[in-house]
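Reader: Hey, I'm new to reading structures and I'd like to zoom in on just one part of this one. Could you take me through it slowly, and then show me how it fits with the rest?

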Amino acid sequence: MPKIVADMHIPPALRRWSARLALAVLIAIAIAYLPGQVLRRDPRAAKLERQIDQLAAEAREVAAHNAVLRRDIAALRSDIGAIEDRARADLGMVYPDEIVLKLPPDHAPAAPTDGKPAAISATAAHVEAAL
């Protein structure tokens, strides 16, 4: 019959090497797992970055439009020609001795048959029709 030793003792060297092995395995798992997690892109972050890019592009467009409006404001404050152009375009104002001819936007000038350029023939036809 084998002798039963009440003191089932694990030698310290075996405990030390098993602890070292367990720690080495944990470190190896961490080294293999963490870079993959860090390098993987979160889809929500990618979506937010696309939104940031879109908003930045929109902000550039708005800034360019604001610059145009600032130039228009400065011209309307100081340039008589700009004021006159705006009054003609937006308000339809004309001088009393002017004659205004308005052509329909979808009008395509016909080919001239009398040797005159097409623009002159089309304008003359509208003037004649108006009279």
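Author: First, a quick word on terms: a helix here is a DSSP run of H or I with at least four residues, and helices are numbered from the N terminus. Keep in mind too that this is a predicted model.

Let's zoom in on Val-25, which sits in helix H1, residues 12-39. Is Val-25 buried, partly exposed or exposed? Its relative accessible area is 43%. Buried means under 20% and exposed means over 50%, so a residue in between is partly exposed, and that's the class Val-25 falls into.

Val-25 has company, too. Together with Leu-21, Ile-29, Tyr-33 and Leu-34, Val-25 makes up a nonpolar patch on the surface. Those residues add up to about 510 Å² of accessible area.

Now zoom out. The chain has 131 residues, and just 3% of them count as buried. Its accessible surface comes to about 12000 Å², with 65% belonging to carbon and sulfur atoms. You'll find four helices and zero strands, so to speak an α-α-α-α run from the N terminus on.

For another helix, look at H3, residues 80-91. Its twelve residues, at 1.5 Å each, should span 16 Å, and the end C-alpha atoms are indeed 16 Å apart, so the two agree. At the start of H3, a side-chain oxygen of Asp-79 comes to within 3.3 Å of the backbone nitrogen of Gly-81. After H3 comes Gly-92, with a positive phi near 70°.

Note on methods:
Residues numbered from 1 in each chain as written. Predicted model: local features only at pLDDT ≥ 70, side-chain atom pairs only at ≥ 80, totals over all residues. Heavy atoms only, no water. Helix = DSSP H or I, 4+ residues; strand = E, 2+ residues; numbered from the N terminus. Buried < 20%, exposed > 50% of the residue type's maximum accessible area, 1.4 Å probe, protein only. Areas by Shrake-Rupley, 256 points an atom, 1.4 Å probe, with all protein chains shown as cover. Expected span 1.5 Å × (residues − 1). Polar contact = N/O pair within 3.5 Å; in protein donor to acceptor, adjacent residues only side chain to side chain. Patch = residues over 30% accessible without salt bridge, like charges linked within 9 Å, V, L, I, M, F, W, Y side chains within 5 Å. Salt bridge = Lys/Arg side-chain N within 4 Å of Asp/Glu carboxyl O.
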